[in-house]
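Colleague: Could you take me slowly through one part of this model, namely how two of its helices meet and how they lie on the sheet?

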Amino acid sequence: MTAHGSTSTAAASAATAAPASATARAGEERGPADPEAEAVAAFLRAHPEFLAERPELYRVLLPPRRVHGEVFADHMAAMLAAERNRLRAIEAEMDALLADGRAGAGLAVRVRLAVLALMRATDVVETVTQELPALLGVETCSLAAEPAPAQPYRRHAAPGWTRGVLPLPQGTVARLLGPGRDAVVRSQPTDREMLHAEAAPLVARDALARVPLFGAGPMLLAIGAREPAALPARQAAATIAFLGRAVGAALARG
């Protein structure tokens, strides 16, 4: 009876010690406790929603070994979802770049046609306002200028060339284009009525180009489009700036 009781007691002690031994072995495998790691673990225990609210962190975390249980499975699923979202964002950006490239190439072709129309124009302002919208595939094109500097002789102020040019307050061209720029494409146009007159309600995106003209005040070519694809945000500013210079050259002929 005593031997049997001793055997039972020893078995119970061994069973109790087994989890402790396993825990000790696991602790030995992990090495000494890292205070910073323990602090991070404590923080995550106190804030279980932290990673769920910041899925981008899953991209920099190492995945756990999928042994069993829903916790590891959910953790891996979150990491895979974060990576898929990143790939979708990259694909969308690539698609946008390709679309802008195609739109930019189409705009370059249309600008060449507009330049040819300017070369043969006898009334440049009328050509800009009446012919260029159709050639560029936009709703409106206009010229707008600040007052010319006071000079006794203006070489290019030929009679009639200012007819149809919209007036601008002094400093407007510099304000709209910004320093060091000859053209901008704007997805949220401002001053629509001043730049596009009666076509202002139709303009969802516009492009502005400096029109260099000796002896005249600062001048803008304003192009307004209903469809954003007509004036792509990327790869269009240089093309629009070239068109502004072509308009200036055409005006200078008069």
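Modeller:
**Two helices and a sheet**

Helix α4 (residues 124-136) and helix α7 (residues 237-252) have axes that come within 11 Å and cross at roughly 150 degrees; axes are lines fitted to C-alpha atoms, for helices over the stretch in contact, with angles running from 0 to 180 degrees between N-to-C directions. Helices (H or I, at least four residues) and strands (E, at least two) are DSSP runs, numbered from the N terminus. α4 is therefore roughly antiparallel to α7, a term for angles over 145 degrees. The contact (heavy atoms within 4.5 Å) involves Val124, Val125, Val128 and Leu136 of α4, together with Leu243, Val247, Ala250 and Leu251 of α7.

This is a predicted model, in which local features need pLDDT of at least 70 and side-chain atom pairs count only at pLDDT 80 or more, while totals for chains, interfaces and linings use all residues. Residues are numbered from 1 along each chain as its sequence is written, and side-chain values use heavy atoms, leaving out hydrogens and water.

As for the sheet, five strands form an open one with mixed pairing, in the order β2-β1-β5-β4-β3, where two strands pair if DSSP finds at least two bridges between them. Its edge strands, β2 (166-167) and β3 (183-186), each pair on one side only. Strand β1 (residues 140-145) pairs with strand β5 (residues 219-225) in the antiparallel sense over six bridges, and Ser142 has Ala222 in β5 as its bridge partner. α4 packs on the sheet by touching β1 and β5, its direction making about 145 degrees with that of β1, whereas α7 touches β1, β3, β4 (205-210) and β5, with its direction at about 50 degrees to that of β4.

Key
Angles under 35 degrees count as roughly parallel, over 145 as roughly antiparallel, 65 to 115 as roughly perpendicular and the rest as oblique.
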